[in-house]
Amino acid sequence: MLSIFIIFLFILLTAFVVKAFMFQDEDNIKKLASQYEKTIQTYYPRGAILDRNGINFADNSANKKLNVSLQNNTSFNVGKTFIGNIRINEDTTTKDAVEGLSGLELYYNELLNGGTPIDIISSIDATGSIINEENYTAVNDHLNEGNTINTTVDYHLQKYTEEYLKKFLKENNFKGGSVVVTDVKTGEILTMVSSDETLNKNVLSYQPGSVFKILTLAQALENNAVDLKEEFNCTGKIKIDGVTRYCHEGEGHGKITALEGLSKSCNEVFYRLAKRLNIKDDKGNIISNKVIDYAKELGFGSINDKTNKNKKFILEYDDYYSFVPDNIYNNLDTFNLALGQGKVQATPLMLNTIMSAIANGGIGYQPYIVESVKNTSEDIVDIKQNQIFDLKLKESTIKNLQKALRMVCVDGTAKSNSMDSYGGIAGKTGTAENHEKESPHAWFSGYFPYNDPKYAMTVFIENGGYGSGPALKVFDSIALEMMNMENDKGI
């Protein structure tokens with residue numbers, strides 16, 4: 001009986017095999033073929049994004065196991081702050097399978113588009129392993145149609161700054177931060193780093209705190225509202241319309257001049273200067289301030305604007321921008337304006353642009369990050385256009401600002417830097433108000449070397465605490481690394 005059963009099973013199996021091979025339909029053929037071939041990678045053609053020396057920011061580690069000479073320009077470990085993010089739609093085989101969502105990927109999405117996806121197919125064994133890594137088929141193979149974006153960023157400096165900032169924030173348990181460095185003579189962005197890859201903090205706006213005092217001093221000098229030999233008396237407390245405001249120096253600075261006031265970041269001095277710049281109506285009522293008008297000349301918008309109407313940089317957002325109030329109405333408003341508080345906000349990039357222009361003698365350039373765009377034939381399809389950034393200040397005013405910013409770093413609030421062997425630095429510290437239950441933000445914006453200005457850098461540390469120590473520490477470390485790089489090979 002068992003023998004009969006075994007014979008029956010054998011006949012059944014034989015019949016199934018005969019049917020499978022002699023009467024195959026198209027569906028069965030596909031099923032059988034799929035057991036031997038498999039798509040091991042889908043390549044999405046995309047234009048390259050290169051650093052200033054031609055280094056590709058793309059991460060191509062995923063291709064190392066394959067003998068495939070394809071550049072995968074959709075994965076990045078370095079430069080995500082400005083490169084941005086993409087979305088890959090694996091359900092489509094059209095050229096729109098990759099879409100830029102932010103950064104350069106969004107701005108140049110159409111030019112970066114490289115065409116339809118390419119499937120890399122290889123033979124596999126019964127376990128699903130590739131039989132021969134040297135043997136593959138490229139389905140829908142075609143030349144990459146994407147344009148090449150040539151940036152001004154230095155790959156090595158970008159990588160160092162990203163790693164350093166990430167480690168610094170983690171070790172000190174800070175919420176976030178950003179760093180931007182530009183060439184003061186050209187406006188080229190050499191590095192742009194944000195702790196948040198989704199939003200670029202360099203083009204988000206925050207209260208600038210005492211960094212904004214630079215504009216107050218500039219207007220006081222321009223309008224002859226102060227004599228540089230004049231001394232103010234800072235007691236540490238300031239009575240304003242019945243309300244007490246304080247200087248960060250608890251006991252006060254005592255007798256202090258305007259330039260010393262910037263060096264020590266004295267609130268008393270800058271409140272007094274700002275009061276002299278108030279604009280009043282016929283009845284003597286405060287209606288505005290010359291600092292407001294000046295800030296708007298430089299590109300600050302109105303707090304009442306809904307969009308970024310003064311957008312100059314391609315990666316700026318439509319809904320975030322530097323702004324000042326349209327009007328002020330009392331002395332408390334004057335105090336807040338003078339100190340970069342209240343209804344005043346600025347992006348790190350804006351403050352860096354101002355600092356760069358001061359370093360360059362009063363006339364600089366709007367920052368830019370793309371040098372050129374080239375098509376597959378190496379023809380230039382887009383090229384940078386330098387835009388002048390003019391502080392519109394007298395030469396004497398610029399020289400006094402430079403002197404005051406140097407004083408900040410010699411015996412003022414930023415004296416704890418280590419750049420003297422490289423020509424020193426000049427700059428301004430800032431502590432900016434934040435939500436009541438959160439620590440204030442820390443700023444340092446400056447340029448170096450002071451004796452031959454080449455670079456401007458602005459560091460922002462979110463919830464960095466009182467005083468600008470954390471921001472200065474980051475600035476100092478990156479500036480030292482940059483000068484070392486310059487000595488080694490140039491950046």
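## A nonpolar cavity

By class, the seven residues around the largest cavity are all nonpolar, with no polar and no charged residue in the lining. The model is predicted, and it holds one cavity of 30 Å³ or more. The volume of this largest cavity is about 50 Å³.

The lining is made up of V211, F212, I214, L215, L351, I354 and M355. Two elements, α7 (213-222) and α12, each give two or more residues to the lining. The largest share, three residues, comes from α12.

## Helix α12

Helix α12 covers residues 348-359, which makes 12 residues. From its first C-alpha to its last the helix reaches 16 Å, close to the 16 Å expected at 1.5 Å a residue. After the helix comes G361, whose phi is positive, near 90°.

All of α12 is covered, in that 12 of its 12 residues are buried. Among them are L351, I354 and M355, which also line the largest cavity. The polar residues N352, T353 and S356 are buried too, under the cut-off of 20% relative accessible area. An α-helix has 3.6 residues a turn, so residues three or four places apart point the same way.

## The second largest pocket

The second largest pocket has a volume of about 360 Å³. It is lined by 25 residues, of which L298, G299, K312, M350 and Q366 are the closest to its centre. Two or more residues of the lining come from each of α10 (290-298), α12 and β21 (388-390).

By class, this lining divides into nine nonpolar, nine polar and seven charged residues. The lining of the largest cavity, in contrast, has no polar and no charged residues. Helix α12 takes part in both linings: it is listed for the pocket and for the cavity. M350, one of the residues closest to the centre of the pocket, is buried.

## The loop between α6 and β8

Residues N173 and K175 belong to one loop. N173 is found between α6 and β8, and K175 lies in the loop between α6 (155-172) and β8 (176-183). The phi of N173 is near 55°, a positive value in a residue other than glycine. N173 is exposed, with a relative accessible area of 72%.

K175 is also exposed, because its relative accessible area of 54% is over the 50% cut-off. Leaving out residues up to four places away in sequence, K175 touches E438, E462 and N463. The C-alpha atoms of K175 and S439 are separated by 9.9 Å, although the two residues are 264 apart along the chain.

## Other backbone features

Most residues other than glycine have a negative phi, and most peptide bonds are trans. N140, which is not a glycine, has a positive phi of about 65°. N140 is placed in the loop between β6 (137-139) and β7 (148-151). With 46% relative accessibility, N140 counts as partly exposed.

The peptide bond from F448 to P449 is cis, with omega near -15°. P449 is in the loop between β23 (441-448) and β24 (455-462).

## The chain as a whole

The secondary structure comes to 14 helices and 24 strands. Of the 491 residues of the chain, 51% count as buried. The accessible surface is about 23900 Å², and 49% of this area belongs to carbon and sulfur atoms. Among contacts between residues at least 6 apart in sequence, 66% join residues at least 24 apart.

Key:
Residues numbered from 1 in each chain as written. Predicted model: local features only at pLDDT ≥ 70, side-chain atom pairs only at ≥ 80, totals over all residues. Heavy atoms only, no water. Helix = DSSP H or I, 4+ residues; strand = E, 2+ residues; numbered from the N terminus. Expected span 1.5 Å × (residues − 1). Buried < 20%, exposed > 50% of the residue type's maximum accessible area, 1.4 Å probe, protein only. Contact = heavy atoms within 4.5 Å. Areas by Shrake-Rupley, 256 points an atom, 1.4 Å probe, with all protein chains shown as cover. 1 Å grid on protein atoms, 1.4 Å probe; cavity = no way out; pocket = protein on both sides within 12 Å on 5 of 7 lines; lining within 4 Å. Points joined across faces, edges and corners; volume = space filled by probe spheres on them. Nonpolar A, V, L, I, M, F, W, Y, C, P; charged D, E, K, R; others polar.
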